[in-house]
Amino acid sequence: QSEYTVSKGDKVTITLTNEEGMHGIGINEFDVNIQGNGEATFTADKPGEYTMYCNVPCGAGHADMKATLIVTDS
């Protein structure tokens with residue numbers, strides 16, 4: 001999935017389960033730093049668009065492992 005949309009103030013929980021290889025999820029603005037299987041919870045308190053990315057160097061295609069978190073002001 002390339003985009004995820006939540007509303008400002010939502011409590012967001014991200015759960016990562018690696019099915020192939022070793023990956024992670026980072027969202028700098030919300031201090032999300034999952035490496036390997038794990039979970040992170042944060043409050044989406046800042047409207048805008050934020051890059052979600054694989055934060056574990058995982059080989060070919062690593063630089064393309066991105067999605068966008070959209071926090072709406074509604």
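These legends describe close-up views of a predicted model.

**View 1. The largest nonpolar core draws on several strands.** This core has 17 residues. Those that touch the most other members are Ile 14, Ile 27, Phe 30, Val 32, Phe 42 and Leu 69. At least two core residues come from each of β2 (11-16), β3 (24-27), β4 (32-35), β5 (38-43), β6 (48-53) and β7 (66-72).

**View 2. Contacts of Ile 27.** Neighbours within four places in sequence are left aside here. Ile 27 is then in contact with Ile 14, Val 32, Phe 42 and Leu 69. The list also includes Tyr 50, Thr 51, Met 52 and Tyr 53. Ile 27 is itself among the core residues that touch the most other members.

**View 3. The largest pocket and its lining.** The pocket holds about 320 Å³ of space. Its lining takes in 16 residues. Nearest the centre of the pocket lie Tyr 4, Gly 24, Ile 25, Met 52 and Ala 67. Two or more lining residues come from each of β1 (3-7), β2, β3, β6 and β7. By class, twelve lining residues are nonpolar, three are polar and one is charged.

**View 4. Asn 18 in the loop between β2 and β3.** The relative accessible area of Asn 18 is 17%, so this residue counts as buried. A polar atom of the Asn 18 side chain lies 2.8 Å from the backbone nitrogen of His 23. Residues up to four places away in sequence are not counted among its contacts. Beyond them, Asn 18 touches His 23, Gly 36 and Asn 37.

**View 5. Val 71 in strand β7.** Val 71 is buried, because its relative accessibility is 4%. Glu 49 is 22 residues away along the chain, yet the C-alpha atoms of Val 71 and Glu 49 are separated by 6.4 Å. Not counting residues up to four places away in sequence, Val 71 touches Val 6, Ser 7 and Lys 8. Further contacts of Val 71 are Phe 30, Ala 44, Lys 46, Pro 47, Gly 48 and Tyr 50. Of these partners, Phe 30 belongs to the largest nonpolar core.

**View 6. Asp 31 in the loop between β3 and β4.** The backbone of Asp 31 has a phi near 55°. That value is positive, in a residue other than glycine. The relative accessibility of Asp 31 is 72%, so Asp 31 counts as exposed.

Note on methods. Residues are numbered from 1 along each chain as its sequence is written. This is a predicted model: local features need pLDDT of at least 70, side-chain atom pairs count only at pLDDT 80 or more; totals for chains, interfaces and linings use all residues. Side-chain values use heavy atoms; hydrogens and water are left out. A nonpolar core is a set of buried Ala, Val, Leu, Ile, Met, Phe, Trp, Tyr and Cys residues joined through side-chain atoms within 4.5 Å. Buried means under 20% relative accessible area, exposed over 50%, partly exposed in between (1.4 Å probe, protein chains only). Helices (H or I, at least four residues) and strands (E, at least two) are DSSP runs, numbered from the N terminus. Contact means heavy atoms within 4.5 Å. On a 1 Å grid over the protein atoms alone, a cavity is a set of points where a 1.4 Å probe fits but cannot get out, and a pocket is an open set with protein on both sides within 12 Å along at least five of seven lines; lining residues have an atom within 4 Å of a point. Grid points are joined across faces, edges and corners, and a volume is the space filled by probe spheres set on the points. Ala, Val, Leu, Ile, Met, Phe, Trp, Tyr, Cys and Pro count as nonpolar, Asp, Glu, Lys and Arg as charged, and the others, Gly among them, as polar. A polar contact is a pair of N or O atoms within 3.5 Å; within protein, one must be able to donate a hydrogen and the other to accept it, and residues adjacent in sequence count only if both atoms are side-chain atoms.
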